[in-house]
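Please open the model in your viewer and keep the sequence panel visible. The tour below proceeds by selection, one stop after another.

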Amino acid sequence: MDAMCIKKQIVWDQKTHKFVGYCDFVGELQIEGPGTAATEALVFMLASLTGKWKIPVGYVFQNKVNAVSQAELIKSILVLAHQSGLRVWGVTCNGAFTNFFTFKILGCNMSNNFIDSKPWFKHPANGSRVFFIPDACHMLKLARNTLGNTLAIESPNGLIKWCHFEYLHQLQTELSLKFANKLTGVHIGWMNNKMKVKLAAQLLSSSTAKAFQYLKDNNFQRFDCSIVDLVQVFIRRIAEKFLLQEADDIVNTIATFKSVYKFGYTFLLIIIFKSSKVKFSFLSIAQFLATTISEYNTLVFIENNS
């Protein structure tokens, strides 16, 4: 499920002899006010877990629909899929607030406590579990955007500051060499390319953390303080959760629903390595998710007033 922006305009359709461009939720359903121009299209797509097919099954024209209406649309899609003989294991979408609230309405519980977390809701047709899967690539960009926008995130041990990425880039530029990472001015000025997952993955990869560690161990100016350790730990935590062991090692595949989804929610979840050599036991996955939730619940965002 994803929303795509469209041009806001009302035009005359000569074939249907009527104006088009208004919000349209199909049938008699009226969610937006009459005559409201649509600003985006909410698209629903089914993808096979075992086969190599995916197909869009529906879309509506909307103007920033609310979570309640979106929840009803998801239920409608699930019922139609069930009537066609398809089993829907989970719903994937980005990490927008409206999406999280939508799944809370459907019955998910995004609790801070791992034991109390409930990343699934009941299928409206047969009562089976349907899991909520935040899109890993989008969540990775959100992690970068949060630090880049606020410039500082407070952890239990101190502040994690964006300026140290700028210091690293400045030092590498002055020396005309890189400490085995892919950090460039494009990564620092990420606002111009905020949709590119690759840039977020390279910025928050283990190779960047190793560069910080090297500079601290060798007492480089601006990198010999305890704050650098906090930045390094922050990067390593994200790199570990997203499996970004190398700068551009972006995972593309999704783990088997039956074996992973039932272990709980985390915004870093449900991805597997490109290499089949790496394996997780069920217990290690559960511990992995529990640790991740507890770690990120200790972070506090610092408001950027600049």
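Begin by selecting Leu-215, which lies in helix α7, a helix that spans residues 206-217. The model is a predicted one, and every value quoted on this tour is to be read accordingly.

Is Leu-215 buried or exposed? With a relative accessible area of 0%, Leu-215 counts as buried, because the cut-off for that class is under 20%.

Next, display the surroundings of Leu-215. Leaving aside residues up to four places away in sequence, Leu-215 touches Leu-168, Leu-171, Phe-179, Phe-220 and Phe-223. Of these, add Leu-168 to the selection and draw the C-alpha to C-alpha distance from Leu-215: the two stand 9.0 Å apart in space, while 47 residues separate them in sequence.

**Second stop: a pair of helices**

Now select residues 67-83, helix α1, together with residues 97-106, helix α2. Their axes come within 8 Å and cross at roughly 65 degrees. The crossing of α1 past α2 is right-handed.

Show side chains where the two helices meet. On the α1 side, the residues to display are Ala-67, Val-68, Gln-70, Ala-71, Ile-74 and Lys-75. On the α2 side, they are Thr-98, Asn-99, Phe-101, Thr-102, Phe-103, Ile-105 and Leu-106. Coloured by residue class, this contact divides into 8 nonpolar, 4 polar and 1 charged.

**Third stop: a sheet**

Move on to strands β6, β8 and β7, which in that order make up an open sheet of 3 strands with mixed pairing. Which strands form the edges? They are β6 (90-93) and β7 (120-122), each of which pairs on one side only. From one strand to the next, the twist averages 25 degrees.

Within this sheet, select β6 and β8, the latter comprising residues 129-134. These two strands run parallel and are joined by 4 bridges. To locate one position in the pairing, pick Gly-90 and look across to β8, where Phe-131 stands opposite.

**Last stop: the whole protein**

Finally, clear the selection and view the complete protein, which has 10 helices and 11 strands. Of its 306 residues, 41% are buried; Leu-215, where the tour began, is a buried residue. Among contacts between residues at least 6 apart in sequence, 65% join residues at least 24 apart. Switch on the surface to end: the accessible surface comes to about 17100 Å², and carbon and sulfur atoms account for 55% of that area.

How values were computed:
Residues numbered from 1 in each chain as written. Predicted model: local features only at pLDDT ≥ 70, side-chain atom pairs only at ≥ 80, totals over all residues. Heavy atoms only, no water. Buried < 20%, exposed > 50% of the residue type's maximum accessible area, 1.4 Å probe, protein only. Contact = heavy atoms within 4.5 Å. Areas by Shrake-Rupley, 256 points an atom, 1.4 Å probe, with all protein chains shown as cover. Axes fitted to C-alpha atoms, helices over the stretch in contact; angles between N-to-C directions. Left-handed = near helix turned anticlockwise from the far one by under 90°. Nonpolar A, V, L, I, M, F, W, Y, C, P; charged D, E, K, R; others polar. Pairing = 2+ DSSP bridges.
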